[in-house]
Amino acid sequence: MAYYSDQDDYNDDIPDFQDEAEFDDYLNDEEYDLINQTFPGLKKKMQEDNYVGWDNLAVKLALFDNDFDSDAAFASLRKQFKKKKVASTPAPAPQAAPKNSAKKVTEDLKKLNIKSNNDDDDDDDWLDDDDDDEPRKKRHEEEEATVIHHKKITVPKKPRNPIDIPKYLETAKPHLSFVVLGHVDAGKSTLMGRLLYDIGAVETGKIRKLKKESESIGKGSFHLAWVMDQTAEERERGVTVSICTSDFETQDANFTIVDAPGHRDFVPNAIAGVSQADVAVLSIDCGTDAFESGFDLDGQTKEHTILAKSMDVNYIIVAMNKMDSVNWSESRFIDIKKKLGAFFNDVGFNESQIRWVPLSGFSGAGVYKSPYPAEQNWYNGPNLVSTLEDVAKILGTEAKKHVLDVPFLYSILEVINSKKNDEAVVSGRVESGSIQPGESITIYPSEQSVIVDKILTGREKEQTNIAIKGDFVTLKLRQAFPEDIRSGDLCASVDYEVNASQTFKLQMLTFKMNRPLLPGTPVMLFRGVVEQPARINKLISVVDKKDPSVVLKSKVRHLSSNQAAIVEVELTERKRQIPMLRFDENKHLGRVVLRKDGRTIATGKVLDL
Ligand SMILES: Nc1nc2c(ncn2[C@@H]2O[C@H](COP(=O)(O)OP(=O)(O)OP(=O)(O)O)[C@@H](O)[C@H]2O)c(=O)[nH]1
């Protein structure tokens with residue numbers, strides 16, 4: 001009886017299946033049921049025993065050829081595929097082993113991301129981070145000890161119904177993602193609730209229900225603030241949630257609001273949110289003294305703004321909120337604009353990158369359709385939605401330059417449960433290039449090559465034939481091992497190589513620090529929605545902030561606040577690596593943030609892997 005492999009011919013009776021979906025379609029109902037009963041167990045066994053090189057189709061064909069007898073199918077698969085060495089496999093005794101076998105085992109372990117016994121990294125170093133990071137520590141500990149590498153292909157599969165991309169780009173609506181930042185109680189949730197409601201993204205019935213609920217607990221004004229949370233709750237949740245997104249559409253553009261749950265008082269979540277946003281909407285409470293307390297004392301507004309700037313967010317839209325509470329006072333608006341403007345300039349935003357919109361999230365004036373009241377007779381500029389549309393057009397034109405002749409890169413933000421065997425459903429953001437149904441992609445770090453079966457977009461999750469840079473889409477993937485996919489994983493064109501290096505060179509800029517930064521310092525490294533313990537291995541040089549090619553000092557013992565430097569960083573977590581990219585490969589994915597003791601100490605660009 002013939003078994004499937006890349007090289008073998010099939011048994012004459014069975015057609016030459018292109019992929020698993022085709023095989024599933026070939027089965028009659030009874031066979032399909034039998035496959036579904038036997039396949040998960042056998043697949044699990046292949047994974048647990050660390051067989052490599054096989055795929056779902058191979059397992060299914062083995063079952064089919066062996067009349068759905070799992071033991072017989074396993075016996076045949078064992079003949080075809082080899083096991084990969086894992087940590088529990090005892091290394092050969094040193095005296096009996098060939099000269100370089102220990103090195104080989106270590107290398108094999110490295111490939112599998114398994115911490116070797118010889119590894120003297122102290123993963124607990126980073127435990128001195130403050131309590132803020134406690135839940136994350138737990139998550140790291142709970143993660144599986146290995147990343148199983150799967151079958152990787154390098155020859156791309158063509159789209160099922162190819163689209164003329166240049167033509168598509170001429171007419172495609174721009175897409176803009178934005179994160180809402182601001183001090184506690186600055187009116188962020190009310191503003192977003194108002195926006196979604198006025199735009200028609202929330203049904204009136206739902207708002208009525210929320211209003212009733214909020215009034216019943218004496219917090220009538222909260223119904224708008226609850227809209228975002230309710231939308232998030234109703235989504236089908238996957239195993240990991242790092243950020244939530246809400247989509248809405250206007251005549252001129254598509255938008256995604258990025259919401260990092262709990263980011264209000266938890267900077268790491270704000271980092272995750274900012275990392276997925278093209279622009280930041282900064283909500284400022286213009287109420288008497290409220291701005292001053294948010295801006296001067298707490299500093300959250302400042303830290304968020306600095307983070308946004310250093311993470312490639314190049315536009316800031318200032319929602320001058322709660323203007324109703326100061327009777328739409330022009331002088332109050334001017335006063336705050338002056339103070340904040342000076343700070344934005346210090347951070348590196350120039351005038352053309354900042355928009356100021358007076359509004360009231362509560363009444364809706366200045367948000368979308370509601371007109372300003374008579375007292376506001378001094379501002380004739382666009383409202384919040386028109387401002388967002390303007391920026392979407394500018395950035396959309398820019399994004400379209402990064403669609404053709406560049407690799408497809410996609411950050412997975414959420415893994416959504418799927419009931420189907422071998423189907424993974426993921427949501428995330430296209431970081432560069434484009435994707436169409438039928439194309440193959442590889443997911444890192446598990447290196448599994450999968451087929452994009454469907455692309456879903458927008459609030460209604462409608463099917464689309466293409467997604468391009470900047471789009472937030474859900475991908476339905478076939479031939480996948482969903483159990484080995486996590487939020488933070490990276491998808492890439494199959495002919496694009498993503499490096500798995502644990503050590504890399506970083507050009508970084510230090511923030512205000514309490515203590516100097518020494519070689520060996522343990523830190524938490526944030527890249528997009530993932531974070532990993534890391535260590536500053538070497539301080540290579542101090543460079544000029546404006547021109548990093550100018551070395552100011554090459555023997556560096558420590559780094560102080562506000563310095564630009566080239567350093568070597570090592571990821572000390574061996575359990576699961578971050579697929580890294582250089583800054584020159586992708587401006588977004590090649591950026592990291594470093595935190596220590598609950599404070600952001602530096603941001604950086606990955607130079608070399
Ligand atoms: N006067 C006035 N009050 C507002 C406005 N927007 C929000 N508020 C009130 O300000 C308070 C805080 O609003 P939220 O929307 O919950 O603020 P937030 O920034 O999301 O709050 P956190 O999530 O706690 O950071 C609530 O009591 C709101 O009713 C506004 O435009 N005008």
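Visitor: Which domains is the protein divided into?
Guide: This is a predicted model, where local features need pLDDT of at least 70, side-chain atom pairs count only at pLDDT 80 or more, and totals for chains, interfaces and linings use all residues. Residues are numbered from 1 along each chain as its sequence is written, and side-chain values use heavy atoms, with hydrogens and water left out. The bounds come from an automatic or database domain assignment. The split goes domain 1 (6-83), domain 2 (170-398), domain 3 (403-493) and domain 4 (503-608).

Visitor: What area is buried between domain 1 and domain 3?
Guide: Buried area is the accessible area (1.4 Å probe) that two parts lose on being put together, summed over both. Carbon and sulfur atoms give 38% of it here. For domain 1 and domain 3, the value is about 840 Å².

Visitor: How many salt bridges are there between domain 1 and domain 3?
Guide: Look for a side-chain nitrogen of Lys or Arg within 4 Å of a carboxyl oxygen of Asp or Glu, and you have a salt bridge. Glutamate 483 forms one with lysine 43, their closest N and O atoms being 3.6 Å apart. Between domain 1 and domain 3, the count is 3.

Visitor: Which helix gives the most to the side of domain 1 that touches domain 3?
Guide: Helices here are DSSP runs (H or I, at least four residues), numbered from the N terminus. On that side of domain 1, α1 (20-26), α2 (29-48) and α3 (56-65) each supply at least two residues. With 5 residues, the one giving the most is α2.
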